[in-house]
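Visitor: Could you walk me through this structure, starting wherever you like?
Guide: Gladly; here it is, and we can begin with a pair of strands.

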Amino acid sequence: MDMQVIPARSENYNLKDYQKVRENFKWDDVNKHFAWNETGKVNIAYEALDRHAENPAKKDKVALLYSAPDREEQLTFSDLSKQSNKFANVLKKHQVNKGDRVFLFMPRSPEFYAAFFGILKTGAIAGPLFEAFMEQAVRDRLQDSEASVLITTPELIERVPQDELPQLETVILVGEAGVAHTYIDYHTEMAGASEAFDIEWVDLEDGMLLHYTSGSTGKPKGVYHVHNAMIQHYATGEWVLDLKEDDVYWCTADPGWVTGTSYGIFAPWLHGVTNVIRGGRFTPDDWYETLEKNKITVWYTAPTALRMLVSHGEEALKKYDLLELRHIMSVGEPLNPEVVTWGLKAFNLRIHDTWWMTETGAQLIVNLPALEIRPGSMGKPIPGIVASIVDNEGNELPPNQMGNLAIKEGWPSMMRQIWNNPGKYESYFINGWYVSGDSAYRDEDGYFWFQGRLDDVINTSGERVGPFEVESKLIEHPAVAEAGVIGKPHPERGEIIKAFISLNEGYEKSDELLEEIRQFVKTGLSAHAAPREIEIRDSIPKTRSGKIMRRLLKSWELGLPTGDTSTLEE
Ligand code: 6R9
């Protein structure tokens, strides 16, 4: 087969000799980059902020370069270190202790990042939530985690059903200074708080982060990460993000998603690099403007965004001067080979695909600057990671055979628990392998090729949506009797959400009703979980044990053979 190959970058990279590095690599070698290696005292907030704030050569460097349509702000490492100290003091005043869950439900803003690190400095566990979440999504996560403190805004507080959250003791509102009469006001509290804080030293295996993510069954699960993950955030920051002292880095992901924490917060700041934070939703021109205005050098984004830029056309791009941009990466869904080819032409740069998951905490299979790219492939495992394709019993399969993409258990940033659900956690592991739920194959040269999800999880514009959550919301609507939800392939968004429903007695099909049902999910759960297409059927296919046969719905939708339907209910 004639395969297109994009040669490795010619600069002198640390990982030039990939195979040699892989063979000699030990995770312990990364430890020497951290203060705790000498002091024995651990806290990721110290390594990412305070260490730089204590360094005379670093303290006045811009850490956070914030730009939103209505606000521009720069915070140095020293500023951010002090702001987060203040917030840690605010939390202490409200009795927050190590291990408590403190949630953030607010847009990206300087206050978000100060609060986030303030939480970590108390030894508490931070839980960032997407600002797009509606009441039910917020309730499920705050209930499951038993969060005792929530930081949110006057606009979003309406979506927090406080009477159903008995364990939620404290709500802090970030709005106009002083307006939060009946709540604790962020700005008032911060004004009265000290800039000095005795950071809580923790163990590498102590918790720091809870990210909720969707599976194919049940409610979203709380993926629990510990401070030890910093080892891998740091290492991949060097190898994959290719961060250098003078870089201006931009990760477009929201911190409600794991990419927005591991790579929107930790990796750049562990390296002491200037990090651009851009709030709000953006049009293609906003992307280009942000890149140009901030002279961004390293950019981590997602296929959906890149596909939007492709369809926006090359003329638009010509208006901008993006000569500073030197390194681009992508994550979240398959990166189409055409987009990689477009990137070469449009930016004269390679776009480096990276594969990982909320559960894995950091990148695992990637295209390193030092390796040639085979467009369409996710690349190869980073040093320290053993990846393979296994069958359902956990036996390795030979090259070019499709199977479960699996990782040998025990890398630094691996999740340590599913919150309150040990059984779920155990179910990820078979025969020493972490089984990802993705199907893939590996070619003879060790490149991995993504094929699809093996479960029913939907990936729409890079966001994981659990069909069960959407189905549950749909059947709360009085007109809906049953619902089955699938991902339907879509050229720009990867997949869109399609719902099949049956109606209760007394309801007639109409466009108004369908729109009402769509809005019901949108305002009850979240905009990205609302089905773009709804189809009414007399009944929804189920197994004899009552499980919705999404696989069958999908085959119908795509006009594919329906396969084994022996368990289908009459
Ligand atoms: C970081 C993140 C994980 C799922 C994963 C897979 C899909 C992620 C991908 C990719 C193809 C890539 N995915 N990266 N598919 N190529 N480079 O995305 O975490 O939100 O938990 O999603 O996303 O299906 O299993 P998360």
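**Strands, a sheet and a cavity**

Guide: This is a predicted model, and a good place to start is β8, which pairs with strand β9 (residues 221-226) in the antiparallel sense over 6 bridges. Within that pairing, threonine 213 stands opposite lysine 221 in β9.

Visitor: Is β8 mostly buried or exposed?

Guide: Strand β8 covers residues 207-213, and 7 of its 7 residues are buried, so the strand is largely enclosed by the rest of the structure. Buried here means a relative accessible area under 20%.

Visitor: Okay, new topic: what is the strand order in the open sheet?

Guide: The open sheet has 9 strands in the order β2-β1-β11-β10-β12-β13-β14-β15-β16, and its pairing is mixed. At the edges are β2 (71-76) and β16 (380-381), each of which pairs on one side only.

Visitor: And which helix packs on the sheet by touching β1 and β2?

Guide: That is helix α4 (residues 77-93), which touches β1 (62-68) and β2, and whose direction makes about 90° with that of β2. Helix α5 (residues 110-121) lies across β1, β2 and β11 (274-278), and runs at about 35° to β2.

Visitor: Going back to the strands, how many bridges join β10 to β12?

Guide: There are 3 bridges between β10 and strand β12 (residues 298-301), and these two strands run parallel. In this pairing, cysteine 251 stands opposite tyrosine 300 in β12.

Visitor: What about holes inside, how many cavities of 30 Å³ or more are there?

Guide: The structure holds 3 cavities of that size, 30 Å³ or more, and the largest has a volume of about 40 Å³. Its lining includes Leu335, Val340, Asp353, Arg374 and Ser377, and, sorted by class, the lining has 5 nonpolar, 3 polar and 2 charged residues.

Visitor: Last thing, which residue in the loop between α8 and β10 should I look at?

Guide: Look at aspartate 242, which is found in the loop between α8 (230-239) and β10 (248-251). Its phi is near 60°, a positive value in a residue other than glycine, and aspartate 242 is buried, with a relative accessible area of 1%.

Visitor: Where is serine 461, then?

Guide: Serine 461 is found in the loop between β23 (458-460) and β24 (463-465), and it has a positive phi of about 50° although it is not a glycine. Whereas aspartate 242 is buried, serine 461 is partly exposed, with a relative accessible area of 23%.

How values were computed
Residues numbered from 1 in each chain as written. Predicted model: local features only at pLDDT ≥ 70, side-chain atom pairs only at ≥ 80, totals over all residues. Heavy atoms only, no water. Buried < 20%, exposed > 50% of the residue type's maximum accessible area, 1.4 Å probe, protein only. Helix = DSSP H or I, 4+ residues; strand = E, 2+ residues; numbered from the N terminus. Pairing = 2+ DSSP bridges. 1 Å grid on protein atoms, 1.4 Å probe; cavity = no way out; pocket = protein on both sides within 12 Å on 5 of 7 lines; lining within 4 Å. Points joined across faces, edges and corners; volume = space filled by probe spheres on them. Nonpolar A, V, L, I, M, F, W, Y, C, P; charged D, E, K, R; others polar. Contact = heavy atoms within 4.5 Å. Axes fitted to C-alpha atoms, helices over the stretch in contact; angles between N-to-C directions.
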